[in-house]
Amino acid sequence: MSLTAESEVEFKGSCYCGAVTYVAKGKPILSAYCHCTLCQRLAASPCVATIHFPAAAFNWTHAEPREAALDVYSVANKPWKNRFRCKGCGACVASYSTTKFKYSVWAGQLERDEEGKIRNWDLIKPTAHMFYATRMLDFNDGLPKWEGYEGQSKRIG
């Protein structure tokens with residue numbers, strides 16, 4: 001796929017029940033497996049594949065008024081990060097950083113093809129593990145492991 005085509009690709013996602021939907025366009029800023037304790041608790045999983053897009057690349061696509069389907073909240077230790085949850089099924093759908101002006105989504109909620117594979121996975125698959133020091137499981141997939149954010153912290157594997 002050409003660079004022009006990559007910048008125009010759309011990644012569609014939704015909550016479990018489909019009441020909340022969004023689209024993110026173009027290449028992500030970051031795509032990594034996150035092992036932070038906050039993601040572990042929010043997802044009830046050892047890690048999540050998190051994908052970050054600039055705010056200008058993200059749009060909610062469900063019916064207006066958008067807030068009718070969304071709960072918005074922040075956690076005490078990250079008040080600058082607004083998290084969005086579906087009022088219907090309770091699934092965490094996205095988060096928005098008011099300091100970095102970016103949206104983050106979890107890959108597991110992205111649109112899939114007829115075989116159950118995430119569409120355009122090769123363009124957005126994680127390139128590293130971040131917050132790996134607080135991991136619950138070891139991953140031997142050859143990807144670099146970072147203490148914090150990829151390229152902004154100490155590499156630990």
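Here's a quick briefing on the fold, packing, surface and annotation of this protein chain. Keep in mind that this is a predicted model. The chain has 157 residues, and its radius of gyration of 15 Å agrees with what a compact globule of that length would have, which is near 15 Å. On the secondary-structure side, you're looking at 3 helices and 10 strands.

**Fold**
- Walking along the sequence, the elements come in the order α-β-β-β-α-β-β-β-β-β-β-α-β.
- So the pattern begins with a helix and ends with a strand, as DSSP runs numbered from the N terminus.

**Size and packing**
- If you're setting up a box, the C-alpha atoms take up roughly 45 × 40 × 30 Å along the principal axes.
- Buried residues make up 42% of the 157 in the chain.
- Among contacts with a separation of 6 or more, 48% link residues 24 or more positions apart.

**Surface and charge**
- About 8,600 Å² of the protein chain is exposed, and 52% of that comes from carbon and sulfur atoms.
- The side chains include 20 positive and 15 negative ones.
- The centres of those two charge sets sit 8 Å apart.

**Annotated domain**
- An unreviewed UniProt entry carries the annotation "domain: CENP-V/GFA" for residues 11–122.
- Within residues 11–122, strand accounts for 45% of the chain and helix for 8%.
- The end C-alpha atoms of that 11–122 stretch are 12 Å apart.

Key. Residues numbered from 1 in each chain as written. Predicted model: local features only at pLDDT ≥ 70, side-chain atom pairs only at ≥ 80, totals over all residues. Heavy atoms only, no water. Helix = DSSP H or I, 4+ residues; strand = E, 2+ residues; numbered from the N terminus. Rg over C-alpha atoms; globule rule 2.2 N^0.38 Å. Buried < 20%, exposed > 50% of the residue type's maximum accessible area, 1.4 Å probe, protein only. Contact = heavy atoms within 4.5 Å. Areas by Shrake-Rupley, 256 points an atom, 1.4 Å probe, with all protein chains shown as cover. Lys, Arg positive; Asp, Glu negative; His and termini not counted. Charge placed at Lys NZ, Arg CZ, Asp CG, Glu CD. UniProt positions renumbered as here; feature names shortened; annotations may be inferred.
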